[in-house]
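Dear colleague,

I am passing on the structure we spoke about, so that you can have it open while you read. My notes on what was found in it follow below.

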Amino acid sequence: MTIEETIGGVRELAATCQGAVLVPGDELYAETCQGWNLAWTHQPAVVVRVASESDVVQTVRYAAAHDLAVAVQATGHGVTIPADRQSVLISTTDLDQVHIDAQARTATLGGGAIWEPVLAQAQEHGLAPLLGSAPHVGAVGYSLGGGFGWLARQHGLCVDAIQSLRVVLADGQVITTSPSAEPELFWALCGSAGGTLGVVTEMTVALAPVSEVYAGNLFYPVESAREVFERYLEWSSGAPTELTSAFTLMAFPPFDMVPEPLRGKTFAIVRGCYAGSSGAGLSGVGLSGAGQEAGVSLVDEWRQWRQPLMDTWVTMPFARAGEISMDPVEPIPAAASGRWLARLDSTVLEAMLAAVLGGDGPSPMLLAEARQAGGAISRDNPSVSFAARDGAWLLELVGIVAGPGAGEEVERRIGATWEQVAPNLAGLSSYLNFVEGHERVQTAPQAFSPDIWSRLATAKRHYDPTNVFRHGIPLAESL
C-alpha cells in the first residue's frame with residue numbers, strides 16, 4: 001500500500017469503529033501496543049483498541065482487504081509473534097464485561113477480561129474460576145492455552161471448563177461455538193493458545209464450588225534445597241488430588257515492590273493449595289471442619305519435619321489466590337519457559353539449582369518451579385485439542401530481562417536446563433502458556449500428537465485459508 005492508501009484506509013476504519021484507531025506517532029499508540037511483559041513490543045501499522053464486537057469485525061475486514069495480518073492482545077503476558085508494520089493489532093482490553101450466573105455456575109466474560117473481577121464476583125456466590133497463579137492475566141488466552149491453576153488437580157484445567165466461545169473469523173463472520181455448535185472450531189481453539197484462528201470476543205466457563213482453601217508457602221533456606229526437595233518428593237507422592245502443590249526455588253529481586261523480609265533473598269519453597277470438598281457452593285460455605293483439618297494435617301508434616309523460616313499457610317478465601325504464587329503485578333521485562341516432565345528427580349533439582357543459582361555473576365532468574373500434575377488434569381476431553389495430559393509435573397522457569405546481556409543469559413540458562421532434563425521430559429512436553437516468542441513457535445508441535453497437529457492444520461485451512469491470523473502458533477506452515 002502507498003502512504004496515501006494507508007491513511008485513507010485508516011480514516012475509513014476509524015469512521016466505523018467506536019474504539020480508538022491509532023497509527024505510529026499517535027499519542028496513545030505506544031501505550032496501547034505495550035503489553036505487561038515489557039520485553040516484547042508490538043509495532044503494527046495500525047492498532048485498534050476495540051470497544052465492541054462490531055469494532056473487531058470491522059478491523060478484521062479492514063486487515064483482510066489491505067493484506068495485513070491480525071494480531072490480538074489482551075494483557076500482553078504471552079506474545080507469540082509481535083505485530084509488525086504488516087499487521088493490525090487488536091487490543092481487546094476494553095472488552096472486559098463479566099457476568100456470573102450463580103445458578104448455572106458459569107461466568108461469561110469479554111475477550112479482554114482479566115481474572116481478577118471474575119474471581120471477585122464468583123466468590124460472592126461461593127464459586128471460583130479455574131484461574132492461574134496471577135489474577136491480572138487475561139482470561140481468554142490463559143484458558144485457550146490450557147490453564148493450570150491452583151485448583152487443577154481437583155477441578156482440572158481451565159480449557160476443560162470452557163463451555164462456549166464467541167469468535168470473529170478471518171472473513172469477519174461471527175460464530176458462537178461450543179462442543180455442540182461448530183464443534184470443530186471449538187475443538188481447535190481450545191488448546192491452540194489463541195490468536196491463530198480468530199478473535200475471541202466472549203467466553204463462557206464453568207465455575208467450581210470453591211470459596212475457602214488452605215493455602216500458602218513454607219520458606220526454607222536455599223542452602224537446604226536438596227533436603228527439602230527429597231522431603232517434597234516423598235510427601236507429594238501420596239498427596240490427595242485435593243492438593244495442588246509445587247517445589248519452588250525463588251530468588252526475590254531487590255525491588256521495592258517485594259516485601260522487605262523477602263527482598264533480594266533466595267528460598268526453597270513448598271507452596272500449594274488444598275481445596276478439599278469445599279463447601280456447599282452456592283451457600284458460600286468454605287472448607288468443612290474435616291476438610292480444613294485434612295489440609296492442616298498435610299502441612300503439619302512439614303512443620304514437624306523442620307520449622308520453616310516463614311510459614312504463610314492459612315485458611316483463606318480463594319479470592320486471595322494471588323497470594324499463593326506472589327507473581328508480580330506491575331509490568332516487568334521477563335522471559336518464561338515451561339515443559340511437562342514424566343518424572344521429578346535429582347536431575348531436575350540440579351538443573352533448577354544451576355538455573356537459579358549457578359554461574360559466576362548474579363543470576364537473572366526469578367524462579368524455577370516444579371508443580372505436581374495428575375488428578376483431574378489427566379482426564380481426557382475429546383471436545384478440546386489440548387493434548388499434553390500425561391506429564392506428571394510441570395516445570396516452569398522465569399527470568400527478568402533487565403540490563404545489558406540479561407536476555408542472552410536468561411536464554412542460555414533456560415536452554416541449558418532443557419538439555420539437562422531432556423531424559424525426564426514427557427512425550428508431549430510443550431506447555432504453550434509457559435513459552436513465548438520463537439520458543440512457542442518452535443515447540444508448538446511438541447504440545448500435540450502428530451494426528452492432532454494435522455487436524456489443527458486442517459482447521460486452520462478451513463477457518464483461515466489466507467492466514468490472516470499469522471501471529472499465533474504456525475499451523476499454516478503444516479499445510
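Please keep in mind from the start that this is a predicted model. I begin with the charges: the protein has 27 positive and 51 negative ones, and the mean positions of these two groups lie 3 Å apart.

As for the overall build, the secondary structure comes to 14 helices and 18 strands. The radius of gyration is 22 Å, close to the 23 Å that the globule rule gives for 479 residues, so the protein is as compact as a globular protein of that length. If you take the principal axes as your directions, the C-alpha atoms fill a box of roughly 70 × 55 × 45 Å.

It also helps to ask how much of the chain is hidden and how much surface is left. Of the 479 residues in the protein, 55% are buried, while the exposed surface amounts to about 18,400 Å², with carbon and sulfur atoms supplying 51% of it. When we look at the contacts between residues with a separation of 6 or more, 74% of them join residues that are 24 or more positions apart.

One element that deserves a careful look is strand β4, which covers residues 87–91. Is this strand largely enclosed by the rest of the structure, or is it left open? Five of its five residues are buried, so β4 is largely enclosed by the rest of the structure. You can follow this on both faces, since Ser-87, Leu-89 and Ser-91 are buried on one side and Val-88 and Ile-90 are buried on the other.

Strand β4 also has partners that you can trace in the model. Strand β2 (residues 46–49) pairs with β4 in the parallel sense over four bridges, and within this pairing Val-48 has Ile-90 of β4 as its bridge partner. Strand β3 (residues 69–73) likewise runs parallel to β4, to which it is joined by five bridges, and here the bridge partner of Ala-69 is Ser-87 in β4.

For a contrast with these buried residues, please turn to Asp-451, which lies in helix α14 (residues 450–463). Its relative accessible area is 67%, and because anything over 50% counts as exposed, Asp-451 is an exposed residue. Asp-451 and Val-210 are separated by 241 residues in sequence, and their C-alpha atoms are 36 Å apart in space.

With best wishes

Terms used: Residues numbered from 1 in each chain as written. Predicted model: local features only at pLDDT ≥ 70, side-chain atom pairs only at ≥ 80, totals over all residues. Heavy atoms only, no water. Helix = DSSP H or I, 4+ residues; strand = E, 2+ residues; numbered from the N terminus. Buried < 20%, exposed > 50% of the residue type's maximum accessible area, 1.4 Å probe, protein only. Rg over C-alpha atoms; globule rule 2.2 N^0.38 Å. Contact = heavy atoms within 4.5 Å. Areas by Shrake-Rupley, 256 points an atom, 1.4 Å probe, with all protein chains shown as cover. Lys, Arg positive; Asp, Glu negative; His and termini not counted. Charge placed at Lys NZ, Arg CZ, Asp CG, Glu CD. Pairing = 2+ DSSP bridges.
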